[in-house]
Amino acid sequence: MHLERSASKRRRKEATLAVLFDDCYDRIARYAFVRLGDRAEAEDLAGDVFLKALESLDSYEERGIPMESWLFKIAHNLVVDRYRKAAKQKTVPLETVQVRAESNLEEQAVADLEVVRVRRALCRLTESQQKVIELRFFGELTSEEAGRVLNKRSGAVRELQSAAVKALRDLLNEEPPLKEGVR
Amino acid sequence: MTGKFDEILNECVDRINRGEKPKDCLALYPDYTAELEPLLNAIVNVRDPLKYNPSPQAKATAKQRLNEALEQRERRREARRPLFPRLPRWSVALVAAMAVLLVVLVSIFATRPALAPDSIGVEPIAQANFRLLISDEINDIEDFEHLYVEITSIGIQQGNESGSWLTLDPKPDPDGDGIPGIDLRRLTGANALEIWSGNLTAGLYSKLFIYVGNVTGFLVGNETMAVKLPSGKLQISKPFSVNDSVVNFVYDITVHKAGKSGKYILNPQIAQSGPDQEFVEVKYKGKAEKPGKPENAAKPDNADIEVKIEGTIESLTEDSVTVSGVTVLIDERTKIEGALTEGAEVEVEATAFEEDLVASKIEVKAEE
C-alpha cells in the first residue's frame with residue numbers, strides 16, 4: 001500500500017487545486033501573456049495549466065514546493081513549449097499584438113505601441129531576468145515563491161530582480177514612450 | 001548595502017503588487033528616493049501596459065473544464081472500486097463494534113426527552129447576539145450522497161421592507177473540511193450548522209437572503225448532478241427581533257426533484273426556518289480553514305473511526321508501516337515518537353478512512 005493510494009490525500013490535493021483556480025487563474029494568464037503576446041492564447045494556456053496539474057497530481061508532493069509555485073512551474077513549461085512551437089510554425093510581428101479594446105482608436109493604437117515597446121525591452125533582458133520579472137510583476141509571486149519556481153534562494157531572486165529592474169529602466173530610457181501620459 | 005537596497009526594492013514590488021503606489025513606498029524610505037524612484041517608475045511602466053483582466057468567459061470555461069475533469073476522476077475511482085472489497089480482519093471487528101455502539105446510542109437517544117423549549121433559540125454565546133445556522137428539511141436529499149452548497153454572502157434587511165440591508169460574510173469553511181461548500185447531506189432533519197455569528201444592532205429585521213455560489217450534487221450511485229437555484233439566492237421573509245439574548249436563526253434549505261425531469265431545485269423551507277426552530281447543532285472536529293489553504297484542513301468527519309494497533313514493525317517504507325499484518329499509512333500529520341526500524345515494538349494510533357488506515361501517532365516502545 002502506498003501513500004498516493006490514500007483517497008483522503010488525493011481528494012485533499014484535488015480540493016486544493018480547485019480552490020487555487022480562483023486565486024491563480026488570472027495571474028497565470030497575465031504571466032503567460034507577457035511571453036505569448038496573445039490574450040486568447042494566454043487564457044487558454046492558463047486553463048491548460050490546471051488540467052495538466054490534475055493529470056500530474058499523483059506525482060505532486062505536498063512536502064515539496066507549495067502547489068501555487070508548482071502551478072507556475074507548469075505554466076512556465078507550457079509557455080516555453082508553445083513559444084518554441086510558435087517560433088517553428090510562424091512569426092508573429094510584435095506590432096500586431098492587440099491588448100486593449102479602447103473606445104478611442106488613437107488611444108488604442110498608442111497603447112498597443114506602448115505594449116510593443118515594453119515587450120521589446122523585456123526581450124532584451126537575460127533569460128533569468130525575464131523570468132524573475134514575469135513571476136514577480138505578472139504572476140505576483142513573492143520572492144520566496146519565485147525562488148521555488150526558479151530553484152533559487154530568495155536572496156538570489158532579489159539580486160536578480162534589482163539587476164533586471166535597473167536594466168529595464170535603462171532600456172526604457174533608450175526608447176521613450178511615443179506619447180507622454182499614455183496608460 | 002546592495003543587499004539592503006535589494007530588500008527595499010523587493011518590498012516595494014510586493015507593495016505595488018498589493019495595489020500600493022510608488023509614492024507610498026518612497027515615503028517609507030526617504031533616504032533612498034533618488035535611487036528608488038526611477039526604478040519604481042520603471043516597474044509601473046512595464047507592469048501597467050501589459051496588465052489586463054482575463055475574460056470572465058474564458059475563465060468560466062476553464063473552470064468548467066477543470067470541474068469536469070475532477071468529476072471524471074471521481075467517477076473513474078468509483079468504477080475501479082470493487083463492489084465487495086476484501087476487508088482486513090480489523091475492519092470486520094470494527095464494523096461489529098460500531099454496530100453495537102450504534103444500537104446503544106439509538107436506544108439512549110430514543111429515551112431522551114425532546115429539547116426543552118427554553119433551550120431553543122436563546123443559547124447564550126459570548127460576544128454574539130445573533131447566530132445563523134443552516135439546516136436541511138429531508139424532502140429529496142436522500143437521493144444524494146453529497147450536496148455541496150457554497151454560501152457566498154448573507155443579506156439581512158433591517159426594520160421593515162424599506163429598511164437598509166446589511167451584508168454579512170459567512171464563515172469561510174463552516175464544516176472545516178477544506179472543500180468549498182456545506183454538505184447539506186450532513187444537515188438533515190434537526191441538524192444545523194452555524195455559518196455566521198456576531199452582533200447585530202438590537203431591533204426588528206424583516207428579511208434574510210442567502211446568496212449561493214456553486215451547488216454540486218453527487219447522487220447515490222455517484223452520478224454528478226447540477227442543482228438549480230433560481231436567481232442565485234434564497235430568500236426568507238420571516239421578521240425577527242434581536243435584543244439582549246442570543247437569537248439562533250435556523251435557515252432551512254431543501255432540495256426538491258423537479259417533476260420527472262430528473263433535475264433538482266434548491267428552495268428555502270420557510271416553515272422550518274426562523275428563530276424559534278428546534279435544532280441540534282452539528283460541530284465538526286476540524287476547525288475551519290481559510291479558503292485556498294485546504295491542505296491544512298481537518299480530516300473529513302467520516303474519518304473519525306480510531307484504531308489502536310500494538311505489535312512489531314514487519315516492514316517499513318517512506319509512506320507506510322506494517323505492524324502485525326496491518327499496513328498503516330504515514331502522512332505529514334503523523335506524529336512519530338522514536339526511531340522506526342523493522343522489528344521495533346510500536347503502538348500505532350490510526351484513523352480509518354475509506355479503504356485506508358492513516359497513522360496519527362506511532363510510538364516506539366522502549367526496550368525492557
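Visitor: How should the words buried, exposed and partly exposed be read?

Guide: Buried means under 20% relative accessible area, exposed means over 50%, and partly exposed lies in between, with a 1.4 Å probe and protein chains only. Thr142(A) has a relative accessible area of 28%, so Thr142(A) is partly exposed. Please note that this is a predicted model, in which local features need pLDDT of at least 70 and side-chain atom pairs count only at pLDDT 80 or more, while totals for chains, interfaces and linings use all residues. Residues are numbered from 1 along each chain as its sequence is written, chains are lettered from A and ligands numbered from 1 in the order in which they are written, and side-chain values use heavy atoms, leaving out hydrogens and water.

Visitor: Where does Thr142(A) lie, and with which residues is Thr142(A) in contact, leaving aside its neighbours within four places in sequence?

Guide: Helices (H or I, at least four residues) and strands (E, at least two) are DSSP runs, numbered from the N terminus. Thr142(A) lies in the loop between α5 (127-138) and α6 of chain A. Contact means heavy atoms within 4.5 Å. Apart from neighbours within four places in sequence, Thr142(A) touches Arg136(A) and Asp14(B). Ser69(A) is 73 residues away from Thr142(A) in sequence, and their C-alpha atoms are 9.9 Å apart.

Visitor: How is the packing of two helices described?

Guide: One gives the angle between their axes and the distance between the axes. Axes are lines fitted to C-alpha atoms, for helices over the stretch in contact, and angles run from 0 to 180 degrees between N-to-C directions. Helix α6 (residues 143-150) and helix α7 (residues 154-174) of chain A pack at about 100°, with axes 8 Å apart. Therefore α6(A) is roughly perpendicular to α7(A), a term for angles of 65 to 115 degrees (under 35 is roughly parallel, over 145 roughly antiparallel, the rest oblique). Residues making this contact include Ser143(A) and Gly147(A) of α6(A), and Val157(A) of α7(A).

Visitor: At what angle do the axes of α5(A) and α7(A) cross?

Guide: They cross at roughly 100° and come within 9 Å. Thus α5(A) is also roughly perpendicular to α7(A). Among the residues that meet are Val132(A) and Arg136(A) in α5(A), and Val157(A) and Leu160(A) in α7(A).

Visitor: What does the secondary structure of chain B come to, and how many of its residues count as buried?

Guide: Chain B has five helices and 17 strands. Of its 368 residues, 42% count as buried.
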